[in-house]
Amino acid sequence: MASLLNSARVAIRAGLKTECRSLVTTATQPASWTHKSLRTGVIARKKGMTAMWDEWGIRIPVTVLQLEQCQVVQVLNEETHGYTALQIGSSDRSEKNVTKPMLGHFENSGVQPKRKLFEFHVTPDAVLPVGTELVASHFVPGQYVDCSAPTMGKGFQGAMKRHGFGGQPASHGTSVTHRSLGSTGQRKDPGKVFKGKKMAGRMGGEQATVQSLKVMKIDNELNLIYIKGCIPGVDDQFVKVRDAVKKRGDKIAPADVLPLPFPTVDPKLVKAMPRELVAKTGGSDPYAMKE
């Protein structure tokens with residue numbers, strides 16, 4: 001009986017050791033990108049617009065974004081905060097221009113004070129350690145991204161410019177009210193102007209997101225991202241850039257660049273990369289004569 005108990009104890013201990021070893025092995029293995037993975041975004045600064053030409057000679061308007069000291073400042077987890085996210089900071093600033101509470105926050109993280117902070121929700125397998133620097137190669141040429149930033153402020157504008165109204169008739173009989181709003185209410189009942197009525201007012205300066213924009217080029221030396229099309233905001237505006245929400249799975253990037261760098265690109269690989277990585281349009285020559 002004693003021998004049976006001893007053999008059972010040995011078997012249980014061996015099973016526990018095997019299970020613990022497998023857990024440790026799984027935890028130490030690097031995470032790999034899947035279709036359900038949600039990577040962190042970055043904070044970039046809009047530098048303006050320019051143009052580039054693809055392999056067929058087609059002119060493509062692009063917006064240039066630059067990453068400036070973009071780092072992970074804080075990790076928010078499910079146990080403490082109720083959700084998993086990364087707080088990202090961009091652009092170093094002097095300590096004398098930072099409030100004492102925020103200065104303590106940066107000192108606890110061990111990073112330089114930042115001008116801008118944003119949170120990006122991520123999946124648990126995409127969490128990065130505090131202090132990790134994010135570079136332009138976090139994205140790959142050909143993939144799709146979403147860009148969010150406040151729009152340009154237009155000041156106080158009329159209803160025609162703000163909401164696209166047609167205005168009043170331009171014929172005889174209309175005097176001084178060609179661009180007027182017109183009637184805004186009813187008669188005695190209800191006797192008021194409903195809330196949300198489209199009227200003249202302050203235009204612009206609101207958060208806007210442009211979805212599914214294509215990354216055309218990456219400059220590893222200057223940390224530049226060339227994105228096809230226009231992006232909200234004035235020059236030097238902080239822009240949030242992250243993987244496109246509506247382009248999940250294999251649709252987020254061409255097959256030859258998948259999987260995406262996960263959870264971010266390895267700094268050793270960046271040093272081995274060429275300075276510029278350009279996306280290819282593909283297809284056939286649009287200028288070729290059709291038979």
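Buried means under 20% relative accessible area, exposed over 50%, and partly exposed in between, with a 1.4 Å probe and protein chains only. The model here is predicted, so local features need pLDDT of at least 70 and side-chain atom pairs count only at pLDDT 80 or more, while totals for chains, interfaces and linings use all residues. Residues are numbered from 1 along each chain as its sequence is written, and side-chain values use heavy atoms, with hydrogens and water left out.

**Exercise 1. Two cysteines and the disulfide count**

Task: Decide whether cysteine 70 is buried or exposed, do the same for cysteine 230, and state how many disulfides the chain has.

Solution:
- Step 1. Cysteine 70 has 1% relative accessibility, so this residue counts as buried.
- Step 2. Cysteine 230 has 53% relative accessibility and therefore counts as exposed.
- Step 3. A disulfide is a pair of cysteine sulfur atoms within 2.5 Å. With this rule the count is 0 disulfides.

**Exercise 2. The chain as a whole**

Task: Find how many helices and strands the chain has, and what share of the contacts joins residues 24 or more positions apart.

Solution:
- Step 1. Helices (H or I, at least four residues) and strands (E, at least two) are DSSP runs, numbered from the N terminus. The chain has 5 helices and 12 strands.
- Step 2. Of its 291 residues, 35% count as buried.
- Step 3. Contact means heavy atoms within 4.5 Å. Take the contacts with a separation of 6 or more: 72% of them are between residues 24 or more positions apart.

**Exercise 3. The nonpolar cores**

Task: Work out which residues have the most contacts inside the largest nonpolar core, and which strands each supply at least two of its residues.

Solution:
- Step 1. A nonpolar core is a set of buried Ala, Val, Leu, Ile, Met, Phe, Trp, Tyr and Cys residues joined through side-chain atoms within 4.5 Å. In soluble globular proteins, nonpolar side chains tend to be buried together.
- Step 2. The largest core has 34 residues, and Leu65, Ile88, Val145, Cys147, Ile225, Ile227 and Val241 have the most contacts inside it.
- Step 3. At least two residues of this core come from each of S1 (42-53), S4 (85-92), S6 (144-150), S9 (207-219), S10 (224-228) and S11 (238-243).
- Step 4. Look separately at a second core of 7 residues, which includes Met52, Ile60, Val64 and Leu224.
- Step 5. Now zoom in on isoleucine 225: beyond four places in sequence, its contacts include Thr63, Leu65, Phe139 and Val215.

**Exercise 4. Serine 90 and glutamine 69**

Task: Place serine 90 in the fold, and find which residues it touches beyond four places in sequence.

Solution:
- Step 1. Serine 90 is in strand S4, and at 0% relative accessibility it counts as buried.
- Step 2. Leaving out residues up to four places away, serine 90 touches Ile43, Glu68, Gln69, Cys70, Lys114, Arg115, Lys116 and Phe238.
- Step 3. One of these partners, glutamine 69, is in the loop between strand S2 (59-66) and strand S3 (71-76). Glutamine 69 is partly exposed, with a relative accessible area of 39%, and its phi is near 45 degrees, a positive value in a residue other than glycine.

**Exercise 5. Unusual backbone spots**

Task: Say where proline 259 and proline 263 lie, and what phi aspartate 236 has.

Solution:
- Step 1. Proline 259 is in the loop between S11 and helix H5 (267-272), and the peptide bond from leucine 258 to proline 259 is cis, with omega near 0 degrees.
- Step 2. Proline 263 also lies in the loop between S11 and H5. A cis peptide bond joins phenylalanine 262 to proline 263, with omega about -10 degrees.
- Step 3. Aspartate 236, in the loop between S10 and S11, has phi near 70 degrees, a positive value in a residue other than glycine. Aspartate 236 is partly exposed, at 40% relative accessible area.
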